[in-house]
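Student: Please take one small part of this model and go through it slowly with me. I would like to see what surrounds it.

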Amino acid sequence: MTARAGGEPTAAAPADGPPVVELSHASFAYPDGPLVLDGLSWALPPGRATALLGRNGSGKTTLLRLLSGGLRPASGELRLRGEPVAHDRKGLTRLRTTVQLVVQDPDDQLFAASVEQDVSFGPLNLGLEETEVLARVEEALDALDIAALRDRPTHLLSFGQRKRAAIAGAVAMRPRVLILDEPTAGLDPHGQERLLEVLARLRAAGTTVVMATHDVDLALRWAQDAALLTPEGLHAGPAAAVLARAEHVAAARLRRPWGLAATDVLRAHGLLSPAAPGPRTPEELDGYAG
Ligand SMILES: Nc1ncnc2c1ncn2[C@@H]1O[C@H](COP(=O)(O)OP(=O)(O)OP(=O)(O)O)[C@@H](O)[C@H]1O
Ligand SMILES: [Mg+2]
């Protein structure tokens, strides 16, 4: 049913290489439930930032769990650098050294007694030297602004602090593909900006980053590519083009991003030529005045 770019004129994103991870014609239903995803294909080219959007219950979390190997498609396949992933111990271990998922609810991810122990767990499990583990943990705690919380029991942290601890655990694995399920939900504005800085640094180092979000303005300013999960399928492509498709945006129960509305106003007043890109944030609007 669905195609890589939803079979729609939103041009496929320019790939910087073959997909690092890819779902091909994947279908999935939970036991005794209806099909959540039906023949869906989605390819992630390396090094790009992608936002995944869709209404509650549309299947975003399910799709991200399929991409990271936590769920197995009933039909279709998952490929890592073009190779089918075997859903056995060896195949999933290989997948997890490349692809890390930060789940929506940090309480489903955190389990160790303290923040530091939790963030160390993955790198220790990779069998890294102790100095390397320490360096990665330090870097991840700093990046998420939680170094001061390192000895605190995770269950006594605030929701936003737990969320940051869960993200730090994935960052410490230095994955090639980092998948985050609604990472900004519950973070204060400062925490959101800090997280975006962390993700920008990871991207500069070549990490592919995928983020599920309901925030269209965040998607427009942060993501190069966007994918809208609607009842008709997945519509994927360059973020500005995907988010400009009113019927798909409505089908995903989203609103029009602020930047695209501002772009329309600028063009209507002759302040922006039809081909020129518009502002994505209120700060960028400054550049268009006069
Ligand atoms: N463990 C489960 N067992 C059975 N059904 C499930 C399970 N998890 C999700 N579902 C169902 O699968 C569908 C897709 O759920 P999913 O969590 O993937 O949606 P979502 O897009 O992530 O939603 P949200 O925006 O609320 O996070 C929903 O109808 C949901 O009720
Ligand atoms: Mg979800």
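Tutor: What follows is a close look at alanine 239 and its surroundings. The model is a predicted one, in which local features need pLDDT of at least 70 and side-chain atom pairs count only at pLDDT 80 or more, while totals for chains, interfaces and linings use all residues. Residues are numbered from 1 along each chain as its sequence is written, and chains are lettered from A, with ligands numbered from 1, in the order in which they are written.

Alanine 239 has its place in helix α8, which covers residues 239–243 (a helix here is a DSSP run of H or I with at least four residues, numbered from the N terminus). Because alanine 239 has 26 C-beta neighbours inside 10 Å, this residue counts as buried (20 or more other C-beta atoms within 10 Å of its own).

Once residues up to four places away in sequence are set aside, alanine 239 touches Ala51, Ala219, Leu220, Ala223, Gln224, Asp225 and Ala226, where contact means C-beta atoms, placed from the backbone, within 7 Å. From alanine 143, by contrast, alanine 239 is separated by 96 residues in sequence and by 26 Å in space, C-alpha to C-alpha.

One of those partners, alanine 226, is itself in contact with Thr50, Ala51, Leu53, Ala219, Ala239, Val242 and Leu243, again leaving aside neighbours within four places in sequence. Ala226 also stands with Ala168 and Ala219 as the residues with the most contacts inside the largest nonpolar core, which has 72 residues (buried Ala, Val, Leu, Ile, Met, Phe, Trp, Tyr and Cys residues joined through C-beta atoms within 7 Å). To this core, helix α5 gives the most, with six residues.

Technical notes
A residue is buried if 20 or more other C-beta atoms lie within 10 Å of its own, exposed if 12 or fewer, and partly exposed in between; C-beta atoms are placed from the backbone. Helices (H or I, at least four residues) and strands (E, at least two) are DSSP runs, numbered from the N terminus. Two residues are in contact if their C-beta atoms, placed from the backbone, lie within 7 Å.
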